[in-house]
Amino acid sequence: MLFLTAMIAGLLVFVAPVFREKYFKLVLVFAGSYLFSITILHIIPELFSEDYGIGEMGLYILLGFLLQQVLEFWSSGIEHGHIHKHQSETSKGVITLMTGLFIHAFLEGTLLSHGETVSGSGAELGHVHSNNTVLLGIIMHKGPAAFALAAVLSSSLSKKWTIVLLTIFALASPLGMFSSSLFIENGLLSRQGIGILYGLVTGGFLHISTTIFFESSPHHKFQLNKLLVTFLAAGLAVVSEYLI
C-alpha cells in the first residue's frame, strides 16, 4: 500500500490534463489535518504511555521537529506539497532533493514496524498500533508528496528518469518499515533506541502537518472550504481511533 500509493499518485502527473492548485491544496489540508490529529490522539499518548525508559521523550519529539526543518532545506518542502516548476535544474539539485525526501520517507516508515517479543519474555519492543490509523495517515501524506515530486522532476528530467526517481521514493517507507522490524527482531535496536527513533519521527509529523496549515492560508484569511475539510479530516481521525 505504501509503495503503490506513491507510485500511482506520482504517475498521475503524466495523465492529469490540468493541474488545479486550489483542489490540490484542499487535498493537502485534509491529509495534514488527519496526520496532525492522529499524532495528537494516537502516537504521542502511546509514546508517553509505553515504557521506553526515556524521561526525555518530549526532547526527542522536539529534535525530530527540528530535524524535519533541516531535511526541508534539501527537499524544498516537497513532502508537504511544494511544487516548484523550475527547481532541480542540475543533477546536484536532484540528488539533494532526493536525499532529503528519501530520509524523511524512510524514517516515517519505521513508525509502522511491529515489535516481536524478546527472548520469550513477552515484552513487546515495537510501537504496536491497535489499528491502521497511522498507516492511513502516512498514505494520505505520501500521495500528495509523490505527486509534487513527480511534477518537479518532470519539469527538468525525462519521463524515464522521473519514474526511476519516483520508484526510489516509493520504496523508501517500505524499506524503513522492514529495516526497523529486522533490527527489532534481531535485537539490534534497544528499547530506548526505539523510543528515540519514534520520538524523532513524531516530531517530523508535527512539523509537516502544521506547516501545511500555515502555508495553505499565508494571509490568515477565513476560508470556509479549508475549515470544513479540516474538521472532516479531524473527525475521521477521531472515528478511526475511537470507534472503529
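Q: In what order do the elements run from the N terminus on?

A: Start at the N terminus and name each element as you pass it. In this predicted model, the elements read α-α-α-α-α-α-α-α. The count comes to 8 helices and 0 strands.

Q: What share of the contacts with a separation of 6 or more joins residues 24 or more positions apart?

A: Here you look at how far apart along the chain two touching residues sit. For this protein, 83% of the contacts with a separation of 6 or more are between residues 24 or more positions apart. You can pick out pairs of this kind by eye. F36, for instance, is 197 residues from A233 along the chain, yet their C-alpha atoms are separated by 9.6 Å. S181 and L112 make another pair, 69 residues apart in sequence and 8.7 Å apart in space, C-alpha to C-alpha.

Q: How much of the protein is buried?

A: A residue counts as buried when its relative accessible area is under 20%. Of the 244 residues in the protein, 48% are buried.

Q: Is L153 buried or exposed?

A: Compare its value with the cut-off. L153, found in helix α5, is buried because its relative accessibility is 0%. Setting aside neighbours within four places in sequence, L153 is in contact with V94, T162 and L165. Two of those partners, T162 and L165, appear among the buried residues of α6. L153 also lies 9.8 Å from L97, C-alpha to C-alpha, although 56 residues separate the two in sequence.

Q: And I95, is that one buried or exposed?

A: The cut-off for exposed is over 50%. I95, which lies in helix α4, has 53% relative accessibility and so counts as exposed. Its C-alpha is 9.1 Å from that of W74, with their positions 21 residues apart in sequence.

Q: Where does F36 fall on that scale?

A: There is a middle class too, for values between the two cut-offs. F36 is in helix α2, and its relative accessible area of 29% makes it partly exposed. Not counting residues up to four places away in sequence, F36 touches L206, S209, T210 and F213.

Q: What about H207, buried or exposed?

A: Same test again. H207, in helix α7, counts as buried because its relative accessibility is 3%. Beyond its neighbours within four places in sequence, H207 is in contact with F65, Q68, Q69 and E72.

Q: Which residues have the most contacts inside the largest nonpolar core?

A: To read a core, ask how many residues belong to it and which helices they come from. The largest nonpolar core here has 55 residues, and L149, F169 and Y198 have the most contacts inside it. At least two residues of this core come from each of α1, α2, α3, α4, α5, α6, α7 and α8. The biggest giver is α5, with 14 residues.

Q: Which helices do the buried residues of α1 pack against?

A: First find the buried residues, then see what they face. In α1, residues 2–11, the buried ones are L2, A6, M7, A9 and G10. The buried residues of this helix pack against α5 (133–154) and α6 (159–185).

Q: Where does α6 kink?

A: For a helix, you can look at both its span and its bends. With 27 residues, α6 reaches 39 Å from its first C-alpha to its last, close to the 39 Å expected at 1.5 Å a residue. A kink of about 30° lies at A172, shortly before the proline P174. Both A172 and P174 are among the buried residues of α6. Another residue of α6 is S181, which is buried because its relative accessible area is 13%. After the helix comes G187, whose phi is positive, near 70°.

Q: How many cavities of 30 Å³ or more does the structure hold?

A: For a cavity, ask how many there are, how much space is inside, and what lines it. This structure holds 1 cavity of 30 Å³ or more. About 70 Å³ of space lies in the largest cavity. Its lining is made up of G64, L67, Q68, L71, H104, L107, E108, L200, V201, G204 and F205. The helices giving two or more residues to that lining are α3, α4 and α7. You have met Q68 already, as one of the contacts of H207.

Key: Residues are numbered from 1 along each chain as its sequence is written. This is a predicted model: local features need pLDDT of at least 70, side-chain atom pairs count only at pLDDT 80 or more; totals for chains, interfaces and linings use all residues. Side-chain values use heavy atoms; hydrogens and water are left out. Buried means under 20% relative accessible area, exposed over 50%, partly exposed in between (1.4 Å probe, protein chains only). Helices (H or I, at least four residues) and strands (E, at least two) are DSSP runs, numbered from the N terminus. Contact means heavy atoms within 4.5 Å. A nonpolar core is a set of buried Ala, Val, Leu, Ile, Met, Phe, Trp, Tyr and Cys residues joined through side-chain atoms within 4.5 Å. The expected span of a helix is 1.5 Å times one less than its number of residues. The bend at a residue is the angle between axes fitted to the seven residues ending there and the seven starting there. On a 1 Å grid over the protein atoms alone, a cavity is a set of points where a 1.4 Å probe fits but cannot get out, and a pocket is an open set with protein on both sides within 12 Å along at least five of seven lines; lining residues have an atom within 4 Å of a point. Grid points are joined across faces, edges and corners, and a volume is the space filled by probe spheres set on the points.
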